[in-house]
Amino acid sequence: MDRKELESRWAKIKSWKAKGKRAPHKPLLLLYALAAWQQGRTKLQYAEEEAKLKDYFREFGPPNSAPGPNYPFVYLSSDKIWELSELHRIDGKINSSPKRLREEGISAQFPAEMQALLREQPDLVGHLAEQLLQRNFPESLHQNILQAVGLELEPAFLLSKRRKRDPRFRGQILEAYGYACAVCGFNLRLGHQPLALEAAHIKWHQAGGPDRAENGLALCSMHHKLFDLGAFRIDDSLRMQVSHKVHGEGLDYYLLRHQAQQIRLPHLKKYRPKEDYLDWHLQEVFQGYSRD
Ligand SMILES: [Zn+2]
């Protein structure tokens with residue numbers, strides 16, 4: 001296996017289903033495994049990692065369809081970048097029972113030739129991680145995921161590799177919303193420059209969400225991140241709905257005081273968020289239930 005071959009196998013890992021439905025568990029597991037590799041743990045024992053993987057999938061996976069970590073742990077082996085210590089079949093079918101994985105001490109690791117490549121080419125970890133992040137998650141979440149698994153990438157590396165996207169989208173969204181956060185009205189400026197104000201995609205770009213005003217919201221950095229993590233959603237009447245799962249200091253200030261309030265609407269009616277995109281966010285990102 002050379003680098004090109006590895007990168008092409010990596011690019012074939014399936015992580016999206018039809019209509020932008022998310023299935024990011026293989027990519028999340030690979031990011032986890034790259035971090036472990038970087039920390040010198042070449043072999044992952046299922047029994048030891050199971051609980052951590054469950055929490056991690058819950059945090060960054062879609063809300064309603066969390067498969068157990070046993071599925072990606074076992075089925076990733078068919079992508080030829082992951083090897084199990086033992087593949088157990090029953091009547092020709094792969095057995096992915098978590099109980100068996102635990103009790104029989106099954107472990108997994110990158111294949112030997114891939115390990116050799118990773119050792120020879122230290123920049124490869126960054127390239128592979130970057131590829132997974134760009135294809136599966138909005139940029140607002142990249143640092144959170146890297147921190148959750150403890151994967152260290154050069155900050156310059158992440159910035160330089162950012163895919164150039166339509167810069168008009170950002171301009172159009174910020175202008176449509178009067179250069180203020182649609183949730184809290186935050187509009188700090190330094191001179192003429194808006195600060196910490198971002199154009200968010202409602203349906204993620206990675207899920208096929210277009211760079212169109214009806215799929216955008218101007219949000220301050222805090223509300224952008226909370227929105228992409230599924231802490232609140234915008235309902236069909238354009239009111240903010242906070243997840244019942246959020247708690248802690250800051251809940252009232254950042255979220256509950258806006259609960260059930262209509263967002264600040266864009267200046268043109270045709271720019272208002274479209275139901276299709278809000279529904280995607282509800283199904284694929286929003287965590288738990290609304291409080292109302
Ligand atoms: Zn805000």
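This report describes selected strands, loop residues and a surface patch in a predicted model.

## A three-stranded open sheet

Three strands make up an open sheet in the order β1-β5-β2, and their pairing is antiparallel. The edge positions belong to β1 (44–45) and β2 (83–84). Each of these two strands has a single partner, so one side of each has no neighbour in the sheet.

Strand β5 covers residues 107–109 and runs antiparallel to β2, with 2 bridges joining them. Which residue of β5 is the bridge partner of Leu-84? The partner of Leu-84 is Ala-108.

## Strand β9 and its neighbour β8

Strand β9 spans residues 216–220. Is this strand largely enclosed or exposed? It is largely enclosed by the rest of the structure, because 5 of its 5 residues are buried. The cover extends to both faces of β9. On one side, Gly-216, Ala-218 and Cys-220 are buried, and on the other side Leu-217 and Leu-219 are buried as well.

Strand β8 (residues 197–201) is joined to β9 by 5 bridges, and the two strands run antiparallel. Within this pairing, His-201 has Gly-216 of β9 as its bridge partner. Gly-216 is also one of the buried residues of β9.

## Two loop residues with positive phi

Most residues other than glycine have a negative phi. Lys-80 has a positive value, with phi near 60°. Lys-80 sits in the loop between α4 (70–75) and β2, the latter being an edge strand of the open sheet. The relative accessibility of Lys-80 is 55%, so this residue counts as exposed, the cut-off being over 50%.

Ala-260 also has a positive phi, in this case near 65°. Its place is the loop between α12 (251–255) and α13. Ala-260 counts as partly exposed because its relative accessibility is 25%, and partly exposed residues fall between the cut-offs for buried, under 20%, and exposed, over 50%.

## A negative surface patch

Which residues form the negative surface patch? The patch consists of Asp-236, Glu-275, Asp-276 and Asp-279.

One of these residues, Glu-275, lies in helix α13, which covers residues 275–284. This is the helix that follows the loop holding Ala-260. With a relative accessibility of 45%, Glu-275 counts as partly exposed.

How values were computed: Residues are numbered from 1 along each chain as its sequence is written. This is a predicted model: local features need pLDDT of at least 70, side-chain atom pairs count only at pLDDT 80 or more; totals for chains, interfaces and linings use all residues. Side-chain values use heavy atoms; hydrogens and water are left out. Patches are made of residues with over 30% relative accessible area and no salt bridge: like charges are joined within 9 Å, nonpolar side chains (Val, Leu, Ile, Met, Phe, Trp, Tyr) within 5 Å. Accessible areas come from the Shrake-Rupley method with a 1.4 Å probe; for residues, only the protein chains shown count as cover. A salt bridge is a side-chain nitrogen of Lys or Arg within 4 Å of a carboxyl oxygen of Asp or Glu. Lys and Arg count as positive and Asp and Glu as negative; His and the chain ends are not counted. The place of a charge is taken as NZ of Lys, CZ of Arg, CG of Asp or CD of Glu. Helices (H or I, at least four residues) and strands (E, at least two) are DSSP runs, numbered from the N terminus. Buried means under 20% relative accessible area, exposed over 50%, partly exposed in between (1.4 Å probe, protein chains only). Two strands pair if DSSP finds at least two bridges between them.
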